[in-house]
Amino acid sequence: MLRGATEYDVNLMLSWRNQETNRQVSKNSHEITPEEHAGWWSRVRTDPTRRVLVYVRDGRPCGVVTFFDLRLTDPRTGSWGFYLDADGLAERGETLPAWLAVMRAAVDHAFDELRLDRLDGEVLADNTVVRQMNRRFRFVEGIPEKQVHDGREITVVPVSLDRENRRRR
């Protein structure tokens, strides 16, 4: 289940984002400071082109889904990303089921709630597990692009999913 993020969730989001597992697969791999995070939160919570949602599993918040660059006029498009409480889910042996569920919930939200025509995202080229999962959800990869973030060169692969190609339950 996805719900809107609240002030209560801000510290949880920061702790999850700074988990080593999540930093390794992010474009920006540095540890986010509380000041950086507070600045981000103050900008995104009132930005009409963004939505920040919390993934709740068995009554427990355990992930964040962000939608950004939302264009809610024809054609309706937006980008997205997510990260989970990797450490907590691993301790409970729930990583894969949570990952599948949050992706399903996010795609459903994009097309059913936001009524997007196309959902875009990015994945690091060496993140083969996520790339495989994206294909499972019928995302199509674009042309990889080399970028520099946090002093390291990475290859970013754009992905997109059109409404008519989405996998339905």
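This passage describes a predicted model, moving from its largest pocket to two hairpins, a helix and a glycine-containing loop.

The pocket makes a convenient starting point. About 1,400 Å³ of space lies within the largest pocket of the model. Its lining is made up of 39 residues, and those nearest the pocket centre are Arg17, Ser26, Gly81, Phe82 and Tyr83. By residue class, the lining divides into 18 nonpolar, 14 polar and 7 charged residues. Strand S4, which covers residues 77–84, supplies the largest share of this lining, with 6 residues.

Strand S4 also leads into the strand pairing. S4 runs antiparallel to strand S3, and 7 bridges join the two. Within this pairing, Arg71 has Thr77 of S4 as its bridge partner. The two strands form a hairpin, with 5 residues between S3 and S4. Pro75 is found in the loop that separates them. The peptide bond leading from Asp74 into Pro75 is cis, and its omega is near -10°. Readers who follow the backbone by eye may like to pause at this bond.

On its other side in the pairing, strand S3 (residues 60–71) meets strand S2 (residues 51–57). This pair is likewise described as antiparallel, with 7 bridges between S2 and S3. Arg57 is placed opposite Arg60 of S3. The hairpin of S2 and S3 has 2 residues between its strands, and Asp58 lies in that loop. The phi of Asp58 is positive, near 50°, in a residue that is not glycine. Asp58 counts as exposed because its relative accessibility is 72%, where exposed means over 50%.

A second aspartate deserves a look alongside Asp58. Asp69 is not a glycine either, yet its phi is positive at about 55°. Whereas Asp58 lies in the loop between S2 and S3, Asp69 lies in strand S3 itself. The relative accessibility of Asp69 is 53%, so this residue counts as exposed. As general background for viewing these strands, side chains in a regular strand alternate between the two faces of the sheet.

Turning to the helical part, helix H5 spans residues 95–113 and contains 19 residues. At 1.5 Å a residue, H5 should span 27 Å, and the C-alpha atoms at its ends are 25 Å apart, so the expected and modelled lengths agree. For anyone tracing side chains along a helix, an α-helix has 3.6 residues a turn, so residues three or four places apart point the same way. After H5 comes Arg115, which has a positive phi near 55°.

The final site is a glycine in a loop. Gly142 lies between strand S6 (140–141) and strand S7 (145–149). With a relative accessibility of 34%, Gly142 counts as partly exposed, because that value falls between the 20% limit for buried and the 50% limit for exposed. Leaving aside residues up to four places away in sequence, Gly142 touches Val157 and Pro158. Gly142 and Ser160 are 18 residues apart along the chain, and their C-alpha atoms are separated by 7.8 Å.

Terms used:
Residues numbered from 1 in each chain as written. Predicted model: local features only at pLDDT ≥ 70, side-chain atom pairs only at ≥ 80, totals over all residues. Heavy atoms only, no water. 1 Å grid on protein atoms, 1.4 Å probe; cavity = no way out; pocket = protein on both sides within 12 Å on 5 of 7 lines; lining within 4 Å. Points joined across faces, edges and corners; volume = space filled by probe spheres on them. Helix = DSSP H or I, 4+ residues; strand = E, 2+ residues; numbered from the N terminus. Nonpolar A, V, L, I, M, F, W, Y, C, P; charged D, E, K, R; others polar. Pairing = 2+ DSSP bridges. Buried < 20%, exposed > 50% of the residue type's maximum accessible area, 1.4 Å probe, protein only. Expected span 1.5 Å × (residues − 1). Contact = heavy atoms within 4.5 Å.
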